[in-house]
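Q: I would like a close look at one part of this model, followed by some of the helix packing elsewhere in it. Please keep the account plain.

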Amino acid sequence: MTEKIALTEDEIMLRCQTGDREAFRALVEKYQNMLYGTAYLMTGNRMVAEDQVQETFLSVWKSIGTFRAGRPLKPWLVRILVNKVLSYQRANAKTMLSLDTDLVADTAGDDPLKGIEQRDQLQNVLRNLPLEQRQVVLLRYFAELSLIETATVLGRSQGTIKSQIHRALEHLKDLIEDDNGK
Amino acid sequence: MKDENNNFTNIERKVQSFFKKQKDSLRVGNDFWSKLEPKLEAKVVNTEPRKTKGRLWQWLAGPRLIAISSSLAVVLVLIVAGSLWLTSNNSANNNTSNPMARPPVANGSLGAIAAGTSPLVINTAVPVTSGITATQAFSGSSGSGNVTFGTENSVIPEATGQQVISQASVTLEVTTVSTAITQVETIAQNLGGSVDNMSSTGEQNQEQANITIRVPQNQFLTALNQLQSLGTVENQNASSQDVTQQYIDLQAQLNSAQLEEQSLQAILAKATTVSDEIAIQEQLTQVISQVQSLQGQINYLQNQVAMSTITVSLNTPIQTVGQPPSGTVDVTVSNVDNTLASVQQLVTGVKGIINSSTVSYNNGKESATLSLQVYSANFDQVMTAIAKYGKTQQKTIQESGTSQQTETPQSNSPPDASISLTLTQANGFWTATVITIIVAAGVILLILIIVLVIAGRAGLLRKPRA
């Protein structure tokens with residue numbers, strides 16, 4: 001029987017820093033889907049995405065003592081995840097399946113994804129974005145990070161992020177309209 | 001423009017809404033935590049909340065602090081090592097800046113000479129003019145004695161029952177022999193000794209004197225030290241002889257003879273006939289003579305032990321009358337070219353002439369040979385100045401007598417005193433250069449490492465994300 005923890009983020013982190021597993025579970029449950037979605041949209045592979053999210057939480061657990069109270073938690077988690085995914089992609093550059101291929105192939109098994117049409121549309125929209133713009137869009141609109149947070153996580157300037165978002169939106173506008181028009 | 005902004009806001013909303021819908025479909029399995037939790041066991045949990053003391057400390061904490069502190073330590077070690085090396089190098093140069101300085105052995109004390117069964121001899125030979133090298137020769141069997149140099153006011157230990165005779169001879173080169181004789185006498189008297197013998201020969205500037213002084217044994221080394229300070233030590237020889245055994249033998253013989261004398265006296269008193277008396281008297285006379293002889297020998301030994309003998313030879317510098325001074329000097333310098341320029345200035349300054357100047361390279365070392373002519377009056381000045389350019393390896397001087405009229409720069413005749421000068425590049429120049437380069441390279445490398453570590457920690461070295 002697990003006790004429900006209704007605490008603020010800072011309190012959860014403080015408890016985690018003392019080794020409280022229940023607090024860490026609350027943290028995991030709060031952010032697991034957001035991180036998973038981000039990883040999945042970056043890699044296009046469920047297994048890889050889940051593995052990377054697990055690795056992210058393990059890293060967080062390991063280095064939770066280094067987290068300073070008062071800092072925003074979500075960008076920290078996203079940054080760790082993005083680094084994990086990028087490292088993974090670099091290490092497996094040759095064997096990585098392309099986004100579009102995997103997204104289509106991922107319909108097999110117990111895929112909980114609903115609405116094949118939505119996913120296809122997403123697939124079409126994302127695969128046509130340049131990689132940098134794809135990352136920015138994911139963090140900004142899927143992970144819902146602020147401009148500053150997105151810039152910090154990706155290690156780019158705010159100006160760069162702004163212009164990339166601008167270009168990505170322009171791109172997406174056409175793509176979504178085209179997709180809807182079909 | 002306004003339409004464009006509206007369009008973007010609309011598309012942004014669409015994208016946001018689009019992604020919101022995706023979130024519902026992108027979820028981890030229900031068993032995510034149950035899969036994750038067992039793996040947490042293997043991870044090390046830092047249960048200590050991070051202490052937030054200050055921004056600087058946080059910036060420094062961790063590997064950065066280790067990297068910076070270790071780098072600083074290495075830099076510090078390099079600097080200290082370099083400084084020490086340079087200091088030692090400088091002090092070595094300073095030591096050689098006065099080539100006429102006598103070697104420490106000539107100035108120092110001989111230290112304690114403990115008596116042994118065999119004579120112990122210390123020879124100190126000092127070149128007359130160079131003052132650069134000194135050789136020390138020690139002889140004596142093991143266990144026979146103990147020699148320690150450099151102990152000021154050392155005293156020969158008066159071993160109980162040991163009878164040791166200390167003797168020394170010193171040859172000194174002095175400016176004025178007559179003055180030196182007086183000084184030797186004063187030294188002997190001040191130390192409770194006396195002048196035993198004295199002889200002097202020669203005229204002014206060619207005087208020579210031999211003085212034998214006796215000083216109490218415990219003042220032997222003090223006397224030697226004081227004598228050395230009177231002039232340049234040309235030769236020095238000290239020895240100690242253990243006569244304990246001889247003394248004991250003599251004492252035993254004396255005791256025996258005295259007993260024999262007493263018994264003969266007793267027999268003589270009891271003699272009844274004249275012939276017996278005469279015979280005993282003759283024997284008694286021999287024994288008394290023997291006792292006196294033995295007593296004399298013992299007294300002599302005691303005297304020799306109690307008062308050490310030092311023979312001092314005093315000479316004036318060897319001078320060649322009628323010849324202008326000439327000299328040969330071989331100097332090791334750090335930079336031959338610079339020294340050549342200095343020599344030219346020096347010689348020109350005293351209205352001298354550089355007869356020839358040859359510069360050569362051998363095994364990467366530059367050397368120069370110069371033949372100089374200067375006026376006799378400036379000879380000493382020039383020689384002294386040259387010696388200060390570097391480390392004098394060899395120096396010989398042949399000076400004229402003081403009675404000879406010396407040529408001055410005002411004379412119409414050309415400079416008469418010749419100097420043969422050899423300048424050789426010191427090995428230390430390249431050593432110093434190489435070490436300086438290595439130290440500089442080390443410091444630069446360390447700074448680079450620090451910068452890289454800091455840059456690495458700051459994430460500046462990562463490839464831009466694609």
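Which residues in α9(B) are buried?

A: The model is predicted. In α9(B), the buried residues are V287(B), L294(B) and V305(B). The helix that carries them runs over residues 274-306 of chain B and has 33 residues. From its first C-alpha to its last, α9(B) reaches 46 Å, which is close to the 48 Å expected at 1.5 Å a residue. Other parts of chain B cover the buried residues of this helix, including β5, residues 164-173, and α8, residues 244-270.

Chain A offers helices to set beside this one. It has nine helices and zero strands, and along the sequence its pattern reads α-α-α-α-α-α-α-α-α. Of the 182 residues in chain A, 41% are buried. Among contacts in chain A with a separation of 6 or more, 61% are between residues 24 or more positions apart.

Two helix pairs in chain A can be followed residue by residue. The first to consider is α2(A), residues 21-43, with α4(A), residues 73-91. Their axes come within 10 Å and cross at roughly 35°, and the crossing is right-handed. On the α2(A) side, the residues that meet α4(A) are Y31(A), L35(A), T38(A), A39(A), M42(A) and T43(A). On the α4(A) side, they are K74(A), L77(A), V78(A), L81(A) and V85(A). By class, this contact of α2(A) with α4(A) has eight nonpolar, two polar and one charged residues. A general point helps in reading such lists: an α-helix has 3.6 residues a turn, so residues three or four places apart point the same way.

The other pair is α7(A), residues 131-142, with α8(A), residues 147-154. These helices pack at an angle of about 135°, with their axes 10 Å apart. That angle makes α7(A) oblique to α8(A). In passing α8(A), α7(A) makes a right-handed crossing. Here Q135(A), V136(A), L139(A) and R140(A) in α7(A) meet T150(A), V153(A) and L154(A) in α8(A). The residues of this contact of α7(A) with α8(A) divide into four nonpolar, two polar and one charged.

To return to the part asked about, V287(B), L294(B) and V305(B) are buried in α9(B), and what covers the buried residues there includes β5 and α8 of chain B.

Terms used
Residues numbered from 1 in each chain as written. Chains lettered and ligands numbered in written order. Predicted model: local features only at pLDDT ≥ 70, side-chain atom pairs only at ≥ 80, totals over all residues. Helix = DSSP H or I, 4+ residues; strand = E, 2+ residues; numbered from the N terminus. Expected span 1.5 Å × (residues − 1). Buried ≥ 20, exposed ≤ 12 C-beta atoms within 10 Å, placed from the backbone. Contact = placed C-beta atoms within 7 Å. Axes fitted to C-alpha atoms, helices over the stretch in contact; angles between N-to-C directions. Parallel < 35°, antiparallel > 145°, perpendicular 65-115°, else oblique. Left-handed = near helix turned anticlockwise from the far one by under 90°. Nonpolar A, V, L, I, M, F, W, Y, C, P; charged D, E, K, R; others polar.
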